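Q: Could you take me through one part of this protein in close-up? I'd like to see how a strand sits among its neighbours, starting from the whole chain.

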Amino acid sequence: MSTRPLAAVAIVALCFAPALTPARADGPLRQSVAEAQAAKAADRAEILAMAGHYRVRFDMQETTPWQADYVPLEREISGGNEVVRVVEDRPDHIALQHLLVLSAGGQTHVIKHWRQDWDYQPSRVLVYAGPGKWVWEVVPERMRAGRWSQTVYQVDDSPRYAGWGQFETQGGIRRWRSNWTWRPVARRDAVRHPVYDRYYAINRHQPTPTGWIHWQDNLKMGLKQGRLVPIVQESVLNTYQRSEEFDAKAADAYWAKTQDYWARVRAAWAKAADSKDGIAIAEEAETGTVISARLLSIGDDIAAGKTPVEAGAAEAAALIEGSTGRVG
């Protein structure tokens, strides 16, 4: 009889399930109309409360190797100042834009960071399907009621990963937890060209008395002899602590000048995903998509008054249309 730890066997078995089969975490929600309305209102309040000014701490630790010859990376801790703004707010849809605020040489610099979109009772989500490809995945109809999807977008508003789940209270703590989701390798890993090329992960978002946390349970996966196998487990805890110790004016000034441009960029990505059954685009380790650097530089030029919004948006739309292929 094998002496291999049962937990490792269970994880390996999970990872060899069909890549695009939705994880059936928990079961359908049974709520009255009044209960569903109250829960939705509470959920919306939790999502909207993530907006604000934060000191962020990123704590990343590879923990358990699943291959005998793999040595986990040392723990990495970093941080920064981040502004989170509500950029779309409809009854069933909320979009939050993150902006990093950096100070160097006596000057303040703003970097457009990630975006998170929340959709109530979604019928489908745009999920990662391997290097350079995102596809539409149907959310099982019986699992939609009362649940929210979260779709995370990269700095150029191209998709990154998506999952769906419910807000729940356990032990007096409220949280949203995703199903198991596939994710592309983060830039911090991609630039090292590691032996793994994707993550299989669960995400949790939880409010705290002073902000909120984003916890990630990442199983880093790689191809060996044509099969996806687990390489190493990683735990990531991103802590958002409310802070007024930095000046957010630069972030708001950048966004005021570029928000119309980025709205057009979001629309161009959405059009491509709808018309091409998903997104297929080449990526590179240093920048993400091959057009990311240009899309961001257009935004910088608009903020600096060098490029009109209309001209920048037209160039961005052409780049997105010309660089994305049909999926399938």
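A: Let's start with the whole chain: its secondary structure comes to 6 helices and 16 strands. Both kinds are DSSP runs numbered from the N terminus, with at least four residues (H or I) for a helix and at least two (E) for a strand. The radius of gyration is 20 Å, close to the 20 Å that the globule rule gives for 328 residues, so the chain is as compact as a globular protein of that length. That radius is taken over C-alpha atoms, and the rule is 2.2 Å times the number of residues to the power 0.38.

Before zooming in, a word on the source: this is a predicted model, where local features need pLDDT of at least 70, side-chain atom pairs count only at pLDDT 80 or more, and totals for chains, interfaces and linings use all residues. Residues are numbered from 1 along each chain as its sequence is written, and side-chain values use heavy atoms, with hydrogens and water left out.

Of the 328 residues, 49% count as buried. Buried means under 20% relative accessible area, exposed means over 50%, and partly exposed is in between (1.4 Å probe, protein chains only).

Now for the close-up on strand 3, which covers residues 93-104. This strand is mostly covered, with 9 of its 12 residues buried. What does strand 3 pair with? On one hand there's strand 2 (residues 76-90), running antiparallel to strand 3 and joined to it by 9 bridges. Two strands count as paired if DSSP finds at least two bridges between them. Look for D89, which stands opposite I94 of strand 3. A hairpin through 2 residues links strand 2 to strand 3.

Then there's strand 4 (residues 107-120), which pairs with strand 3 in the antiparallel sense over 11 bridges. Here L102 has H109 of strand 4 as its bridge partner. Strand 3 and strand 4 form a hairpin too, with 2 residues between them. In that turn you'll find G105, whose phi is positive at about 60°.

Follow the chain past strand 4 and you get to Q121, in the loop between strand 4 and strand 5 (124-128). Most residues other than glycine have a negative phi. Q121 isn't a glycine, yet its phi is positive, at about 50°. Q121 is partly exposed, with a relative accessible area of 35%.
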